[in-house]
Amino acid sequence: MAFRSSVWEIALDELVQNEEFRLSDLSIEGAERDDFLTTINEMEVAGWLRQDQDDGTVWKPGEKMKALIEAGQ
């Protein structure tokens, strides 16, 4: 469970700081990479992230994340 929590933290921090991220930008390899992908795919289904339609390697804020960002402005 701790790894899943760190995935959430890494992904959301990247979105707040950079507005998008690529898995290749992060130093995650091996089995952790598979677990990371599983978790961000779950985050996408839940509405927190979305994959860029033109470049499937880019992750951007989903509707829930956008709503939080807008609420904080």
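Which elements do the buried residues of α2 pack against? This is a predicted model, and the tour starts at that helix.

Select α2, residues 30-45. The helix has 16 residues and spans 23 Å from its first C-alpha to its last, close to the 22 Å expected at 1.5 Å a residue.

Next, show the side chains of Phe-36, Thr-39, Ile-40 and Met-43, the buried residues of α2. Turn the view to look down the helix axis: these residues fall within an arc of 95 degrees, so they line one face of α2.

Now add the partners. The buried residues of α2 pack against α1, β1 (21-22), β2 and β3 (58-61), which answers the opening question.

Rotate to the face of α2 turned away from its buried side, and select Ala-31 and Val-45. Both are exposed residues carried on that face.

Move past the end of the helix to Gly-47, which follows α2 and has a positive phi, near 95 degrees.

Select Trp-48 and Trp-8 last. A search of the whole structure finds one aromatic pair, and these two residues form it: the ring centres are 5.9 Å apart and the planes stand at 70 degrees, so the pair is edge-to-face. Trp-8 lies in helix α1 (residues 2-18), while Trp-48 is in the loop between α2 and β2 (49-51), so the pair ties together parts that are 40 residues apart in sequence. Is Trp-8 buried, partly exposed or exposed? With a relative accessible area of 31%, Trp-8 is partly exposed, since buried would require under 20% and exposed over 50%.

Key. Residues are numbered from 1 along each chain as its sequence is written. This is a predicted model: local features need pLDDT of at least 70, side-chain atom pairs count only at pLDDT 80 or more; totals for chains, interfaces and linings use all residues. Side-chain values use heavy atoms; hydrogens and water are left out. Rings of Phe, Tyr and Trp (its six-membered ring) pair if their centres lie within 6.5 Å; planes under 30 degrees apart count as stacked, over 60 as edge-to-face and the rest as tilted. Helices (H or I, at least four residues) and strands (E, at least two) are DSSP runs, numbered from the N terminus. Buried means under 20% relative accessible area, exposed over 50%, partly exposed in between (1.4 Å probe, protein chains only). The expected span of a helix is 1.5 Å times one less than its number of residues. The arc is that of the directions from the helix axis to the C-beta atoms. Contact means heavy atoms within 4.5 Å.
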